Amino acid sequence: MRDAISSALLIAGVAVELLACSGVLLMRDALDRLHYAGAGTLAALLLAAAVLVRDSFSLIGDKAILLAAFVLVSAPVLTHFTAQAIDRESRR
Amino acid sequence: MNVWLWAAAVLTVPLAVLAIVGIRRPLLEGVVALEAAGIDATLVLLLLAEGTRRQAFADLAIVLAAMSFAGSIAFVRFVERLR
């Protein structure tokens, strides 16, 4: 049962990350691409959840939580920072 | 090869695609592709750690996440000063 849930979360995480990357590839301008770059956060959460379901709170499980927490905090900051730069660039 | 290593292999493909976006598109769009590639590479390292049962690789993923964040901020600042 744990393996099935873990595999489902893994497949969902990989699918979301592939969608995010294809969005960055296919969109037309920088702000549109930036929307999809931020979607990688959800993939990180799903993959960390997959690791956690499989290994519970082991050493690697704790590191997966730490990684997901870091991405959850840093990705919006980075997206905001980049969007500000793109906005300033477009006003020139 | 288990399912985790297959997932890591699948997520390696977008890295090449994002590198092409980074090279061919204007500077700020390239930085966006770099940010997406940073998260993608981080996830690949996490999947490798789980797939090979070597938890040391997970340390690399955490370090890469931090370095990718700092590097992207530095790139954005650099691009802004360039203009």
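This passage looks at chain B, one helix of chain A and the core that the two chains share. The model is predicted, so local features need pLDDT of at least 70 and side-chain atom pairs count only at pLDDT 80 or more, while totals for chains, interfaces and linings use all residues. Residues are numbered from 1 along each chain as its sequence is written, with chains lettered from A and ligands numbered from 1 in the order in which they are written.

Chain B has three helices and zero strands (DSSP runs of H or I, at least four residues, and of E, at least two, numbered from the N terminus). Its C-alpha trace spans about 45 × 25 × 10 Å along the principal axes. Of its 83 residues, 46% are buried, with 20 or more other C-beta atoms within 10 Å of their own, the C-beta atoms being placed from the backbone.

Now for the largest nonpolar core (buried Ala, Val, Leu, Ile, Met, Phe, Trp, Tyr and Cys residues joined through C-beta atoms within 7 Å). It holds 52 residues, and Leu47(A), Ala36(B), Leu46(B) and Leu47(B) touch the most other members. At least two residues each come from several helices, including α1 (2–26) of chain A and α2 (27–52) of chain B; α2(B) gives the most, with 16 residues.

Leaving aside residues up to four places away in sequence, Leu47(A) touches Leu10(A), Gly13(A), Leu43(B), Leu46(B) and Leu47(B), contact meaning C-beta atoms, placed from the backbone, within 7 Å. Leu10(A) and Gly13(A) are among the buried residues of α1(A), which pack against α2 and α3 of chain A together with α1 and α2 of chain B.

Key:
Buried ≥ 20, exposed ≤ 12 C-beta atoms within 10 Å, placed from the backbone. Contact = placed C-beta atoms within 7 Å.
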